[in-house]
Amino acid sequence: AGAGAGAGPALRSYPHSAVLDGAGAFRLRWGRRGSALALRLEVRTRGYVGFGLSAAGGMASADIVVGGVEGGQPYLQDYFTDENRVLKRDPQQDYHLEYAMENSTHTILAFSRELHTCDTNDKSITESTVRVIWAYHHKDMGEAGQNYHGSNRGTKSLRLLNPEREEVSSASLPYFDLTNKDVPVPDKDTTYWCQMFKIPVQHEKHHVTKVEPLIQKGHENLVHHILLYQCSSNLNDSVLDYGHECYHPNMPDSFLTCETVIFAWAIGGEGFTYPPHVGLSIGTAADPLFVLMEVHYDNPSFTEGLIDNSGLRLIYTPVLRKYDAGVIEAGLWVSLFHNIPPGMPEFVSEGHCTLECLEEALGAERPAGIQVFAVLLHAHLAGRAIRMRHFHNGEEQELLAYDDEFDFNFQEFQYLKEERTILPGDNLVTECHYNTVDRIRMTWGGLSTRNEMCLSYLLYYPRINLTRCASIPDIMEQLQFIGVKEIYRPVRTWPFIIKSPKQYKNLSFMDAMNKFKWSRSEGLSYNQLVLKLPVNVRCSKTDNAEWSIQGMTALPPEIERPYKTEPVICSSSSCLNCCSFLILLCIVYITASTIGNTAPFV
């Protein structure tokens, strides 16, 4: 088998890593190995180590493996928990130990598992978000039964099969920071703060190769997302003087010129590295000079006295790449016309980047099509799953991106395994699934995290003059569902007022929708109606310009609903035992007398 600290699978077998706890005591390394996932745990303990996959991020109904080294002997057991969090040994053992070691400070375990095991007690590992749970104890499992891990536990959302790309060294590259300066965060649940910046790199073309979040320490849960918009090039330095609350009646007019999203980061993301042949262009007349940074603060506990200095770091290079990157915002235009009834365990909304918009914009600018290389899927608290569907000549293609385990607190760009060509006349559908079982009033499309969104940000090249490709469903047909017959015209108030029938007279359409007695069957019928309604097309250029199709009405494509996922091919445990990739188990037990020459492993 072998002995010594160098035994076992090499670290290059685990190209990805994450520290799971704030103290740095629990590091996970992992890598895909064919149809299996190889994992390595490096934990600051000489007791047992627990690791698991959980649907909701807790102990209930979780897929768990527990292991360690006791008296020089390794152990690793596959467990699961029921809905009451009772830990049970799994009769089908699907985690396979490959290496175990213990020294005076750390326990290291390396093991593997098939992505799909045919075991109902296991969680399948897909490209969706995975909620990893972890725990450890200073004693081993056998010393005193199932020792409770106490506070040495936690959860972290990761994308195990579509992780952040490893950084190509940028230590020597120049960078600039766009950070807020002592922003007083109001004691209210949702604040959008806008600050204008001037790009310091001018007069010569450069490419941004990486964007990193700079989140003030302790504010990791306060800063929910950061958007960076390109603004009109006709502004002057007077707009740089101060920040202001976004979407406020007194917001400076200059902020209204900033509609093109050029970068999006959301909570849980680690930053974004552009592919080697693509960069975000800065420094030329066609590039952003003035940018608006929108920071979304989420303060549900109404904490007072918060001062924030978070922002972004942009790393750039004078060595130009082949293509300029662009961003298209696709999905549902954020509006009250997007709404979700209360009490629904499942409600589906769709936003359409329509054939008509892509036909006009790509036909004029890039008939050969654009190449999408990454997608960020965005919703709020009621969101449960998001899919980006792609249709070419009416035929559905493989999903552009998806997350069937959407986590509001973990949203980042997904790199595509292969770049996808989007052609004139294609359709893109952002499909969002929501759960409003715990709500008693309508959920509305809007800016607050208690409102909802259904958006996809597509990163692509080469850059064209298309910034938004979205839709709004027809509101009047939605209101007819609850019995509205007439509204007051001309519309002078927002939200507009209903004239008849009597039970809704002089109510806003929002109040009328809330007054309607929603049942699950009514909600389901309403959902089926909304998905077939005509949509208003949003098809925008930079600098507030519009393609001619904007404002037109279009019919959503006739598509199969719901989206049918590909059947999973799983491997039984007996097959696992004969897989050629399993490495001979190596066990190293380093006694206290030999520890002096051994460094920590984390």
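## Disulfides in the model

A disulfide is taken here as a pair of cysteine sulfur atoms within 2.5 Å. In chemical terms, a disulfide is a covalent bond between the sulfur atoms of two cysteines. The structure is a predicted model, and a search of the whole of it finds five disulfides. Three of the five are described below, among them the link of Cys231 and Cys258.

## Cys231 and Cys258

Cys231 is joined to Cys258 by a disulfide with an S to S distance of 2.0 Å. The angle about the S-S bond is 110°, and the link is right-handed. Cys231 sits in the loop between strand E16 (223-230) and E17, while Cys258 sits in the loop between E17 and E18, so the disulfide ties together parts 27 residues apart in sequence.

Buried means under 20% relative accessible area. Cys231 has 3% relative accessibility and therefore counts as buried. Cys258, at 7%, is buried as well.

## Cys194 and Cys246

The sulfur atoms of Cys194 and Cys246 lie 1.9 Å apart and form a disulfide. Distant parts of the chain are linked by this pair: Cys194 belongs to strand E14 (residues 190-198), and Cys246 to the loop between strand E17 (244-245) and strand E18 (260-266), 52 residues apart. The torsion about the S-S bond is about 115°, so this disulfide is right-handed.

Cys194 is buried, its relative accessible area being 2%. For Cys246 the relative accessibility is 6%, and this residue also counts as buried.

## Cys357 and Cys539

Cys357 and Cys539 are joined by a disulfide, S to S 2.0 Å. The link is right-handed, with 80° about the S-S bond. This pair connects distant parts of the chain, with Cys357 in helix H1 (residues 355-365) and Cys539 in strand E39 (residues 535-540), 182 residues apart.

Cys357 is buried, with a relative accessible area of 0%. Cys539 likewise counts as buried, at 0% relative accessibility.

## Asn527 in helix H4

Asn527 is located in helix H4 (residues 520-530). Its relative accessibility is 7%, which means that Asn527 counts as buried. Leaving aside residues up to four places away in sequence, Asn527 touches Glu346, Phe347 and Val348.

## The annotated DOMON domain

An unreviewed UniProt entry places the feature "domain: DOMON" at residues 24-137. In the model, this span is 57% strand and 0% helix. The end C-alpha atoms of residues 24-137 lie 15 Å apart.

Definitions and conventions. Residues are numbered from 1 along each chain as its sequence is written. This is a predicted model: local features need pLDDT of at least 70, side-chain atom pairs count only at pLDDT 80 or more; totals for chains, interfaces and linings use all residues. Side-chain values use heavy atoms; hydrogens and water are left out. UniProt positions are given in the numbering used here, feature names are shortened, and annotations may be inferred rather than shown by experiment. Helices (H or I, at least four residues) and strands (E, at least two) are DSSP runs, numbered from the N terminus. Buried means under 20% relative accessible area, exposed over 50%, partly exposed in between (1.4 Å probe, protein chains only). Contact means heavy atoms within 4.5 Å.
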